[in-house]
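Open the model in your viewer and keep the sequence panel beside it. We will go from one residue outward, one selection at a time.

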Amino acid sequence: MKRVSLPVVSAQDYRGAVEGELWELRPAAVAGSFSARSQPVNGSPEAIAKLAESMLQTPVDFPTVVEAIVPGDHVALAVDPNVPRVSDVLQGVLSTLVKANAGKVSVVLWHEADESLTARLQEELEAVQAGQETLKPMKVEVVRHEPHRRESLRYIVADENAEAVYLAKDLVDADFTLPILSARARDAINNIDPTGIFPLFADAATQHRYQTGVTTEPSEAAWLLGVQVMMLVSADAAGELGRLIAGTPDALRHELTNLYASGETADQESWDSEESASTSAAISETVPTAEMVVAALDGDEASQTWANLARAAIAAGRHVTLGGTIVIWSQVKTSPSPVWLRELGQPPIGIESNAEAAELDDADSQPNGSDDLDQDTAFKNWDAETPLARQWNQLIADGHVLLHCQLDDDMVESLGMGVIHSIEELRTLGARLSGAGVLRAAHYHTESIVAFSMTDEEVEP
């Protein structure tokens with residue numbers, strides 16, 4: 001797949017584009033005592049698949065995964081679609097499951113994964129199976145979690161308010177569940193479920209209760225699924241796979257918590273030693289700020305989504321000074337869905353009235369219509385990306401946000417943002433400022449899921 005990245009790839013290069021002090025932050029990298037064996041030997045698909053296979057054979061605080069699976073077991077992979085090189089990682093996981101003689105494998109993606117990614121992963125994994133005789137007997141199916149569809153869910157537990165909690169049926173029905181997540185340090189700080197199961201694979205009503213603060217994580221949800229081991233993948237500055245580890249949720253949560261401070265500090269390696277010695281004192285050791293923050297959506301085509309645009313903007317908002325400018329540099333080319341258009345203050349294109357927009361929202365949230373839902377347990381018309389869109393909209397209302405993407409200027413400007421087309425325009429903008437910061441692979445610098453209950457103090461640095 002074609003890789004995309006910010007044209008200027010390091011803070012050292014940026015010093016020619018903007019004047020004044022400059023800092024650069026990269027995603028938190030999995031390290032710890034197992035750092036020596038958590039990196040691929042190179043960037044080839046074979047090396048990444050081999051690393052994934054190796055880590056599942058020797059996970060942290062857990063015996064080899066092969067010994068935990070009974071021949072013929074149904075295995076579910078609960079997958080964050082933002083995992084770098086997710087297809088190559090899954091190939092390595094499948095190779096391990098073949099050794100365990102697994103019968104069926106369900107790859108379940110977060111709801112934010114689009115249909116094209118789901119179809120592409122299915123095609124790629126089928127091609128891998130066709131090319132490897134050992135993989136052929138195993139049935140592999142890639143599905144996208146549908147939180148509004150009752151028939152795609154199973155009851156698992158009641159929360160503290162006695163409200164029913166449903167999870168994706170493939171996860172509940174499976175004999176063995178393996179979460180595969182991107183490493184985000186703020187997930188640990190905000191005490192988000194380390195397995196990524198709750199609420200991301202819950203029903204829409206449960207997600208709504210969680211994101212509005214009505215309910216918290218039912219701690220037994222992942223336990224009832226039998227989640228004993230998981231995989232955590234951290235991105236490098238280019239949005240590529242940096243490190244990969246497997247282990248128990250508790251072991252990896254401890255690792256991720258320890259990464260928070262180092263993940264939010266300036267990258268001194270991008271500067272030469274003389275400049276670092278003279279300027280580091282002017283930069284906060286924990287949360288550096290600047291008049292302009294460039295948030296780059298480094299990574300492959302699957303990273304170029306509206307959810308990740310919002311995550312990048314929210315991350316930049318924690319570092320930009322009052323009245324400063326946020327520049328989001330991406331290659332997004334997909335038009336926003338009705339959810340994003342609604343939350344960013346615009347009705348869907350071609351829709352003339354609020355009533356028509358509301359009808360389209362309902363249709364978008366319930367793709368096959370309300371008749372396809374169990375009317376006794378129909379779920380609230382709610383999209384998990386709504387909090388992301390609303391926080392992004394607040395940033396647009398409070399400050400100056402510029403977007404580089406592949407969409408028409410009129411579309412971007414109708415959503416309240418300015419447009420920046422080239423690095424030359426960035427230089428011109430930077431020449432008027434006294435300092436700037438860069439967030440590389442910015443969508444990994446914030447939470448996987450944003451809750452409405454977050455206060456202003458929690459959002460601010």
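Select I180 in this predicted model. Now show what touches it, skipping neighbours within four places in sequence. You should find L77, A78, V79, D80, V83, V89, L90, V93 and M231 in contact with I180.

Next, colour the nonpolar core. The largest one holds 72 residues. I180 is among those with the most contacts inside it, along with L77, V89, L97 and V107. Which helix gives the most to this core? Select residues 86-99: that is helix α3, which contributes seven residues. Another core lies apart from this one. It has 38 residues, including A290, W306, A313 and V320.

Switch to the sheet. Six strands make it up, and the sheet is open. Follow them in the order β5-β4-β3-β8-β9-β10; their pairing is mixed. Now go to the edges: β5 (139-144) and β10 (241-247). Each has a single partner strand, so one side of each is left without a neighbour in the sheet. From one strand to the next, the twist averages 15 degrees.

Zoom in on β3 (residues 74-79) and β4 (residues 104-109). These strands pair in the parallel sense, over six bridges. Pick L77 and look across to β4: its bridge partner there is V107.

Bring the helices back. α3 packs on the sheet and touches β3, β4, β5, β8 (176-182), β9 (230-235) and β10. Its direction makes about 160 degrees with that of β3. Finish on helix α4, residues 115-131. Helix α4 lies across β4 and β5, at about 170 degrees to β5.

Key: Residues numbered from 1 in each chain as written. Predicted model: local features only at pLDDT ≥ 70, side-chain atom pairs only at ≥ 80, totals over all residues. Heavy atoms only, no water. Core = buried A, V, L, I, M, F, W, Y, C linked by side-chain atoms within 4.5 Å. Buried < 20%, exposed > 50% of the residue type's maximum accessible area, 1.4 Å probe, protein only. Helix = DSSP H or I, 4+ residues; strand = E, 2+ residues; numbered from the N terminus. Contact = heavy atoms within 4.5 Å. Pairing = 2+ DSSP bridges. Axes fitted to C-alpha atoms, helices over the stretch in contact; angles between N-to-C directions.
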